[in-house]
Amino acid sequence: MNNRGRTGSRWTRKKEAFVQAYLECGNGAEAARRAGYSVRAAKKVASELLRHDPLVADAVEEGRKALQERNEITVDSMIRQFDEDRHFAVETQNATAAVRASELKAKLTGLLVDRRDVRMAAGFKVIIEGLDAEGDRGPFIDG
């Protein structure tokens with residue numbers, strides 16, 4: 001791997017440890033702590049590394065691709081898995097699991113999108129949550 005990124009950042013053992021931990025746990029702050037960064041600064045360090053360090057971002061992307069290839073994970077394989085899960089849920093009369101399998105399949109294919117929009121209005125925080133583009137869930141006001 002190239003030792004310098006576009007922003008002049010250097011590849012270090014700590015960054016390598018961060019990437020490995022992030023690929024294992026999927027949590028930036030936890031990965032920063034595991035890599036030896038300060039507990040107090042872990043969340044900020046993780047955000048900086050993931051958003052602003054091209055070497056780290058590229059290494060995470062390469063790691064994810066390798067993981068997907070190694071485990072043969074594709075959109076098609078996940079769709080097949082969710083179809084099997086839904087079929088099993090229906091056979092065992094588990095409506096919740098059947099709906100969840102359908103929901104995950106719809107999210108994977110882009111038919112269902114989670115969204116959360118937070119805005120300030122007249123001194124209140126308005127949180128608009130929705131499951132799809134039509135906004136099936138209405139606004140919630142948090143004073």
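The following exchange looks at helix H4 of a predicted model and at the helices packed against it.

This is a predicted model, in which local features need pLDDT of at least 70 and side-chain atom pairs count only at pLDDT 80 or more, while totals for chains, interfaces and linings use all residues. Residues are numbered from 1 along each chain as its sequence is written, and side-chain values use heavy atoms, with hydrogens and water left out.

Biologist: How far apart are the end C-alpha atoms of helix H4?

Modeller: Helix H4 covers residues 54–70, a DSSP run of H or I with at least four residues, numbered from the N terminus. The expected span is 1.5 Å times one less than the number of residues, so the 17 residues of H4 should span 24 Å. The end C-alpha atoms agree with this, being apart by 24 Å.

Biologist: Which helices do the buried residues of H4 pack against?

Modeller: Buried means under 20% relative accessible area, with a 1.4 Å probe and protein chains only, and in H4 the buried residues include Pro-54, Val-56 and Gly-63. The helices that these buried residues pack against are H1 (13–25) and H3 (42–52).

Biologist: Are H3 and H4 roughly parallel or roughly perpendicular to each other?

Modeller: The axes, lines fitted to C-alpha atoms over the stretch in contact, are 5 Å apart and meet at an angle of about 80°. Contact, meaning heavy atoms within 4.5 Å, is made by Leu-49, Leu-50 and His-52 of H3 and Pro-54, Val-56, Ala-57 and Val-60 of H4. Because angles of 65 to 115 degrees count as such, H3 and H4 are roughly perpendicular.

Note on methods. Helices (H or I, at least four residues) and strands (E, at least two) are DSSP runs, numbered from the N terminus. Buried means under 20% relative accessible area, exposed over 50%, partly exposed in between (1.4 Å probe, protein chains only). Axes are lines fitted to C-alpha atoms, for helices over the stretch in contact, and angles run from 0 to 180 degrees between N-to-C directions. Angles under 35 degrees count as roughly parallel, over 145 as roughly antiparallel, 65 to 115 as roughly perpendicular and the rest as oblique.
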